[in-house]
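The following exercises concern strand pairing and helix packing in a predicted model. Each task is followed by a worked solution.

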Amino acid sequence: MPKISNKGLSMPQSPIRKLVPFAEKAAKAGKSIYYLNIGQPDIKTPTIAMQAVKDADIEVLSYSRSEGSEQYRTKIANYYKNNDIHVKHDDIIVTTGGSEALLFAFGSIMDVDDEVIIPEPFYANYNGFSTASGVKVVPVISKIEDNFALPPIEEFEKLITPKTKAILICNPGNPTGYLYSKEEIEKLAAIVKKHDLFLIADEVYREFAYDGATHYSILQVDGLDDNAIVIDSVSKRYSMCGARIGCLVSKNKDVIATGLKFAQARLSPPTLAQIASEAALETPQSYFDDVIEEYVERRNVLIEELNKIEGVQVANPKGAFYCIAQLPVKNSDVFAQWLLEDFDVDGETVMVAPAAGFYSTPGVGLNQIRIAYVLNTESLKKAVNILKEALKVYKD
């Protein structure tokens, strides 16, 4: 029998999606499930985006340019300008989601066995993208006790080798919700310039900054043009996860020219989704004001309720819509499956994402879960109550 590749065998399962079969079985058995496992916002997609697709007068649904339409990229550049980020349309490649943008970045700057340093816990698919690219993840651990702040810069420097090509961050962070300060970004900028590395920032949650804090992009750092690569997406910003439109942004012309070759190899990003995404850029600020207010309320309710549970420790997120909670259990994978298979409160249970899959260091995060607060406050209260009752009876 033909064999699967070693790369294929090494590809990690998604900690977010691997429990889906158990959730489906639980649902078929009649349980209602509160889905806290996946960052699918329940916020309504802007009407302007949906209407643009309905109104599109298209007789032939043709390819777009490989880098995305010039009109859309020009409007993206204007969006960045309004956020005090100054780039041109030809600094941008439109991609099929932020995922493809990161794959293009890895392919453009790293060869097989090269290394990328990433503060962990990090978005679980970074492990998958690295494996697919033949790149080694070198983790530097951030701690729940420090609210997952940037580890000391000396810890990064210790890990730099001749194989190191980049440092990758997610800001605000998935799965931690941590928002890096301007000072932390500038420390990272200094170290990548010192060692001639790239700094890749996944900034898809840019709008989601709370408590009066503001997001500071790596593209705003003076003198970092050759080192900075931004990954972006419409998925979370406009609650358009299904559009699968993102972009790769860099003022480094060699990065863009190389990324374009990868873009040409996959032909083009989806045409209809670009139409929707272009229209979404006209979304009024009031939309975001309302969304931020809603997420702050949800965060406050979630953190308050989690802190009431004995033995639970939780970091307080300052951005995005995730948090990491540490539970009084040995293995959250086993606990999460048990919740779906063997536990309910009045026919209701919860689905969470075990956090070990957001680390690459073996054995770390085993007793942690990621919670996405993408449900209304009443549902969040009920979900946390189910967790509380479950922990009272759960036995490792």
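**Exercise 1.** Determine which residue of β8 stands opposite Ile 231, and place this pair within the strand ladders on either side of β7.

*Solution.* Step 1: Ile 231 stands opposite Leu 248 in β8. Step 2: β7 and strand β8 (residues 246-249) run antiparallel and are joined by four bridges. Within this ladder, Ser 233 has Gly 246 of β8 as its bridge partner. Step 3: β7 also pairs with strand β6 (residues 198-202), in the parallel sense and again over four bridges. There, Asp 202 has Ile 231 in β7 as its bridge partner. Ile 231 thus appears in the pairing with β6 and opposite a residue of β8.

**Exercise 2.** Establish the strand order of the sheet and identify its edge strands.

*Solution.* Step 1: the order is β2-β8-β7-β6-β5-β3-β4, an open sheet of seven strands with mixed pairing. Step 2: β2 (92-95) and β4 (136-141) each pair on one side only, and these are the edge strands. Step 3: from one strand to the next, the twist averages 20°.

**Exercise 3.** Decide whether the two faces of β7 are covered or open.

*Solution.* Step 1: in a regular strand, side chains alternate between the two faces of the sheet. Step 2: on one side of β7 lie Ala 228, Val 230 and Asp 232, and on the other Ile 229, Ile 231 and Ser 233. Step 3: these residues are all buried, and both faces are covered. Step 4: because six of the six residues of β7 (residues 228-233) are buried, the strand is largely enclosed by the rest of the structure. Step 5: among the elements near this region, helix α9 (residues 253-265) lies across β2, β6, β7 and β8 and runs at about 25° to β2.

**Exercise 4.** Characterise the packing of α3 against α10 by geometry and by residue class.

*Solution.* Step 1: two packed helices are described by the angle between their axes and the distance between the axes. Step 2: helix α3 (residues 47-55) and helix α10 (residues 271-280) pack at about 140°, their axes being 7 Å apart. This angle makes α3 oblique to α10. Step 3: the crossing of the two helices α3 and α10 is right-handed. Step 4: α3 contributes Ile 48, Ala 49, Ala 52 and Val 53, which meet Leu 272, Ile 275, Ala 276, Ala 279 and Ala 280 of α10. Step 5: by class, this contact has nine nonpolar residues, no polar residues and no charged residues.

Key. Residues are numbered from 1 along each chain as its sequence is written. This is a predicted model: local features need pLDDT of at least 70, side-chain atom pairs count only at pLDDT 80 or more; totals for chains, interfaces and linings use all residues. Side-chain values use heavy atoms; hydrogens and water are left out. Axes are lines fitted to C-alpha atoms, for helices over the stretch in contact, and angles run from 0 to 180 degrees between N-to-C directions. Angles under 35 degrees count as roughly parallel, over 145 as roughly antiparallel, 65 to 115 as roughly perpendicular and the rest as oblique. A crossing is left-handed if the near helix is turned anticlockwise from the far one by less than a right angle, and right-handed if clockwise. Contact means heavy atoms within 4.5 Å. Ala, Val, Leu, Ile, Met, Phe, Trp, Tyr, Cys and Pro count as nonpolar, Asp, Glu, Lys and Arg as charged, and the others, Gly among them, as polar. Buried means under 20% relative accessible area, exposed over 50%, partly exposed in between (1.4 Å probe, protein chains only). Two strands pair if DSSP finds at least two bridges between them.
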